[in-house]
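This report describes a single protein chain, section by section. The sequence and the structure are shown first.

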Amino acid sequence: MSEIKQYKTCPVCGHHNWCGYWHKSNSELPNATLHTCHYVEGSPQGEVLGADGKTYVLIKELKSRDGWILESKEQRDEERRLWAEKNGNGWRRVTDPVRGHALLAKRDTMEQARREATVLPNEKLDVAYRCVMQQLTLLPEHRNKLLEDGWTDDMIKRYHVCSMPLPDKQRWVMEREHRKTSELVLPWRYQIVELLQKEVGEDLTGIPGFYLAKTADRSTGEVIERWRMAGPTGMMFFSKDVNGHYFGAQIRLDVVNSGGKYRGWSTNPEKTDKNGNQLYPHGTYLPVQPGFIYNPEKDDPCTVYITEGFKKGAIGNETLHVPFVHLPGVGNFAYVVNSYDERTNVAAYLRKIGTQTIVIAYDADKGVNSNVLKHEGNLAREMQEYGFRVQLASWNPAFGKGLDDLLKNGLRPLTEPYHEES
């Protein structure tokens, strides 16, 4: 940091001989400056109107709690424009010129950016996924598992939890062999596809979970292209963004393998089999987005929890009555601040609804899992840099690995302020 110089008159608050500024060393602009104002107060919008008539962006609260570090909105926008020109349109891990620390400010690679560009906007995905949910029900064995995990029938209905049907080929074999299974009460996947096409149109490009495959017509033998629905069998949990739109689903697998219990419902067109053949031609990659659970009539938005996984977020919201942000994985911390669509930016929305404190509630195994602990610290720093107070939740692992296990046992986590180690 350059030497702080004192203002005679602060452009932010208008007071004399107290506030200061310094030149930024990591900016694309030659005369870029940051301001330390000791009179300005934070706002949920993260912006304040200065005494000079300019808009200033709140960057970080001073350690003394006596004012803020700010920069002009005009300067920030120009920096980011120059930064985008220099780095291209792909999102990548670089140093943010505004806040000066490494984060996922753009997509990891240009290739991922290209894949995500094909995904439909969340408001259109919402229409498609609601159509899918209307056709599916929850199998009894899946319902019983949720009840054992602390869910209620009201929660199951409210969150539209449903079961993924068998692949059509597997179902056809079972019915031909007259094998009985509860899964046969679910519709065929081709039926879901047909009804979805009536709802959103014949072309399902841009909807994760669907792909265009070549198949032979049974009557004529002619090779035709037909949209299909992919995904392993299991429970389906659909996630909403901050605007209330369904944007994707995770599947809790019936048959768990080395890859973990959950799979994102994705049809990545670049995924291949062992022979190099494309598994999901014309499929759609599922971009990483944080899910959001919030009931304005019951929840206090002043404190928001962030955890991993939809189920933990649902149980947490039901028990604690605060909004929950749920991530598909602890390593996806940066997507809370950065999103491929600014309309779904979680951190900005939390400011808008008046959130002041973020509680990070990762699994209790962080005491022995260095990866979880590392990403907890990464997320905490991101939230602090964005202007939130951050607390960490902890509990005895004997009472449960995840937050949902703890709450199911009638207990609450301990919380303490996060302090970055020097």
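## Basis and overall composition

A strand, as the word is used here, is a DSSP run of type E with at least two residues, and strands are numbered from the N terminus. In this predicted model, Leu 70 is found in one such run, strand S6 (residues 68-72).

The chain as a whole comes to 11 helices and 20 strands. It has 422 residues, of which 50% count as buried. Among contacts with a separation of 6 or more, 56% are between residues 24 or more positions apart.

## The six-stranded open sheet

Strands of a sheet pair through backbone hydrogen bonds, in either a parallel or an antiparallel arrangement. One open sheet in the model consists of six strands in the order S1-S2-S3-S6-S5-S4, and its pairing is antiparallel. Strand S1 (5-6) and strand S4 (47-49) stand at the edges with a single partner strand each, so one side of each has no neighbour in the sheet. The partnership of S4 with strand S5 (residues 55-61) is antiparallel and extends over three bridges; within it, Val 48 has Tyr 56 in S5 as its bridge partner.

Leu 70, in S6, is buried, with a relative accessible area of 0%. Leaving aside residues up to four places away in sequence, Leu 70 touches Val 12, Leu 34, His 35, Cys 37, Val 40, Val 48, Tyr 56, Val 57, Leu 58 and Ile 59. The bridge partners Val 48 and Tyr 56 are thus among the contacts of Leu 70. Cys 37 is 33 residues from Leu 70 in sequence, and their C-alpha atoms are 7.6 Å apart.

## Cysteines

How many disulfides does a search of the whole structure find? The result is zero. A disulfide is a covalent bond between the sulfur atoms of two cysteines. For Cys 13, the closest cysteine sulfur is that of Cys 37, at 3.6 Å, which is too far for a bond because the cut-off is 2.5 Å.

Cys 13 counts as partly exposed, at 22% relative accessibility. Cys 162, by contrast, is buried, with a relative accessible area of 2%.

## The largest pocket

The largest pocket holds about 900 Å³ of space. Its lining comprises 26 residues, and those nearest the centre are Asp 168, Lys 169, Thr 215, Arg 226 and Arg 228. By class, the lining contains 13 nonpolar, four polar and nine charged residues.

Four elements each contribute at least two residues to this lining: helix H6 (168-176), helix H7 (189-200), strand S10 (210-216) and strand S11 (223-229).

## Hairpins of S12, S13 and S14

Strand S12 (residues 234-240) and strand S13 (residues 246-257) run antiparallel and are joined by seven bridges. One of the pairs is Lys 240 with Tyr 246 of S13. Five residues lie between the two strands of this hairpin, where Gly 244 takes a positive phi near 85 degrees.

S13 also pairs with strand S14 (residues 260-264), in the antiparallel sense and over four bridges. Here Arg 252 has Tyr 262 of S14 as its bridge partner. The hairpin that joins S13 to S14 passes through two residues.

## Helix H8 and Lys 312

Helix H8 (residues 310-320) contains Lys 312. The helix is mostly covered, with nine of its 11 residues buried; among them are Phe 310, Ile 315 and Leu 320.

Is Lys 312 buried or exposed? Lys 312 is buried, at a relative accessible area of 14%. Beyond residues up to four places away in sequence, Lys 312 touches Thr 307, Phe 324, Asp 363, Gly 402 and Asp 404.

## Histidines with positive phi

Most residues other than glycine have a negative phi. His 160 nevertheless has a positive phi of about 55 degrees. His 160 lies in the loop between helix H5 (153-158) and strand S9 (162-164), and is partly exposed at a relative accessible area of 37%.

His 178 has a positive phi near 60 degrees. It is placed in the loop between H6 and H7 and counts as exposed, at 67% relative accessibility. His 321, which follows H8, likewise has a positive phi, near 60 degrees.

Conventions
Residues are numbered from 1 along each chain as its sequence is written. This is a predicted model: local features need pLDDT of at least 70, side-chain atom pairs count only at pLDDT 80 or more; totals for chains, interfaces and linings use all residues. Side-chain values use heavy atoms; hydrogens and water are left out. On a 1 Å grid over the protein atoms alone, a cavity is a set of points where a 1.4 Å probe fits but cannot get out, and a pocket is an open set with protein on both sides within 12 Å along at least five of seven lines; lining residues have an atom within 4 Å of a point. Grid points are joined across faces, edges and corners, and a volume is the space filled by probe spheres set on the points. Ala, Val, Leu, Ile, Met, Phe, Trp, Tyr, Cys and Pro count as nonpolar, Asp, Glu, Lys and Arg as charged, and the others, Gly among them, as polar. Buried means under 20% relative accessible area, exposed over 50%, partly exposed in between (1.4 Å probe, protein chains only). Two strands pair if DSSP finds at least two bridges between them. Contact means heavy atoms within 4.5 Å.
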